[in-house]
Amino acid sequence: MSGKVFLVGAGPGDPRLLTVGAMNCLKQADVVVYDHLADESILAYVPPEAERIYVGKQSNKHTMRQEDINVLLADKADEGKTVVRLKGGDPFVFGRGGEEALVLLARGIPFEVLPGVTSAISVPAYAGIPVTHRGVAVSFAVITGHEDPTKSESHVRWQHLATGVDTLIFLMGVANLPEITKNLMDNGRSADTPAAVIRWGTRTDQETYVTTLGDAAAMVQRDGIRPPAIFIVGEVVKLREQLRWFDRADIRPLLGKHILVTRARAQASALTEKLTALGAACVETPVIRIVPPADGYAALDAAIGELHTYHWLIFTSVNGVEHFFARLHHAGRDTRALGYAKVAAIGSATAKELHSYGIDADLVPEEFRAEAVVEALKPILPPRARILLPRAQEARDVLPESLRAHGATVDVTPAYETVPELSGGEELAERLRNGEIDFVTFTSSSTVKNLVHQLGNITPLQQVKIACIGPVTAETARSFALEPDIIAENYTIDGLVDAIREYMQ
């Protein structure tokens, strides 16, 4: 049976602008054929087992000819696979999606088109420039700034375009700006018309240059502005002074800061999302992977079989909660199996995760660390208390040893294991040495250990700011001669973000 091809727009760069439909397509893909994306975090939705084929085209650098891409899509679908053709922006706005669709139609391959948010509208919006505005502009046009070089003459009707449309948006036009501006002015557009060049639109490092039609080409040459960028012409550009929001430091205090996010591969996005919302440009470098414990859950499964014998269950992380309840459900049981056992959580994030399973923690200490749990439990533990502690295989022994010292029987069962993610160390070290990163975040002791191991030494980290999620992680950093600049008082992702924001004020 033939498969199917989805022609999908990835949007202009900000991953928040990816549509729900596009995300769902990526999740079911067998093959993803993708262009040069402004933010490759979008590929995180692709199943790990899916085939990924990069066919990106950049200026004077084409990985694969368009004709070959067309055939590739049809051939992969003929193998019975679900194929996602992922393009930056929208497939039908200078994306050559129509050409691909016609080839699929000729081959009898079923296809669907999922439009993407086009940079023609979204990039000006992020610069505080609406392409239409009551009393200012009632029309806009989107024009290619880079026509097919094989054509004998231009298809742009300059004589009508120059004065017949209020707002003009040129995509891929920076290299041809002298010709574009000359044609507009030669056909009646005033040289004093407000204009703007917007580079890397919707990304955290977006740059906006306001000028006039007459001065635009000289400005681009003088300031060395390079693609990718759009060129917008019209009175609406004047509104940026009032409507700019994306690049305002009072709204986005981390604007222009590059932050390294070290976390488990599946969990980095939560911290990245919060930092990005404050204007930071995040570099995700997973340094750990969460995997099943070495015993294949044997100890945890055995403990779940004896849940009725425990007085307390103590959870020290969100991962511990997730893996415990996954095994509980694997055993065909639900929260009723906890019986009369009370539940403690270290931290509000862990308590929140418990709540998602219908469990409200009986104890959440004010300070989110093992020692605080012990102090809170000591007065209320029954004689000869039995405690179950499902946690990371390599976690500290402070908690179980302290509880045993107070007469409790503590069963420590590994619920998961963290293992190093070793790839990418050389490239990351180079970026650190080049000053491309301002802050490094550590969300656990294991992220400190594994990042140092990944880099090979601490030297690349000695010239950046270090932000730790709490005192335990900070002490681990100090053990590697890395003095933290920021230590969150609230030992959660939100607390870490707040601490970085306060440091910047």
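Analyst: Two strands pair if DSSP finds at least two bridges between them. Helices (H or I, at least four residues) and strands (E, at least two) are DSSP runs numbered from the N terminus. The model is predicted, with pLDDT of at least 70 needed for local features and 80 or more for side-chain atom pairs, while totals for chains, interfaces and linings use all residues. Residues are numbered from 1 along each chain as its sequence is written, and side-chain values use heavy atoms, without hydrogens and water.

User: Which residue in E12 stands opposite Leu-171?

Analyst: Strand E9 covers residues 167-171 and strand E12 covers residues 229-233. The two run antiparallel and are joined by four bridges. Opposite Leu-171, the residue in E12 is Ile-230.

User: Which are the edge strands of the open sheet that holds E9 and E12?

Analyst: This sheet has five strands with mixed pairing, in the order E8-E9-E12-E10-E11. An edge strand here pairs on one side only. That description fits strand E8 (140-144) and strand E11 (207-212). From one strand to the next, the twist averages 20°, and the edge strands are E8 and E11.

User: What angle does helix H7 make with E11?

Analyst: Axes are lines fitted to C-alpha atoms, for helices over the stretch in contact (heavy atoms within 4.5 Å), and angles run from 0 to 180 degrees between N-to-C directions. Helix H6 (residues 177-186) lies across E9, strand E10 (194-199) and E12, at about 15° to E12. Helix H7 (residues 216-223) also packs on the sheet and touches E10, E11 and E12. Its direction and that of E11 make an angle of about 140°.

User: Which residue of E19 is the bridge partner of Val-291?

Analyst: Another open sheet of five strands, with mixed pairing, has the order E15-E19-E18-E16-E17. Its edge strands, which pair on one side only, are E15 (288-291) and E17 (342-345); neighbouring strands are turned by 25° on average, direction ignored. E15 pairs with strand E19 (residues 409-420) in the antiparallel sense over four bridges. The bridge partner of Val-291 in E19 is Glu-417.

User: Which residue in E14 stands opposite Leu-260?

Analyst: Strand E13 (residues 258-262) pairs with E14 in the parallel sense, over four bridges. E14 covers residues 281-284; Cys-282 and Glu-284 form its uncovered face, whereas Ala-281 and Val-283 form its covered one. Opposite Leu-260 in E14 stands Val-283.

User: Why does Val-440 count as buried?

Analyst: Buried means under 20% relative accessible area, exposed over 50%, and partly exposed in between (1.4 Å probe, protein chains only). Val-440 is found in strand E20 (residues 439-442). Beyond its neighbours within four places in sequence, Val-440 is in contact with residues including Leu-260, Thr-262, Leu-432 and Ile-466. Val-440 counts as buried because its relative accessibility is 0%.

User: How many residues apart in sequence are Val-440 and His-146?

Analyst: In space, the C-alpha atoms of Val-440 and His-146 lie 40 Å apart. In sequence, the separation of Val-440 and His-146 is 294 residues.

User: What percentage of the residues of the protein count as buried?

Analyst: The protein has 18 helices and 22 strands, and its C-alpha atoms fill a box of roughly 90 × 60 × 45 Å along the principal axes. Among contacts with a separation of 6 or more, 68% join residues 24 or more positions apart. Of the 505 residues, the share that counts as buried is 50%.
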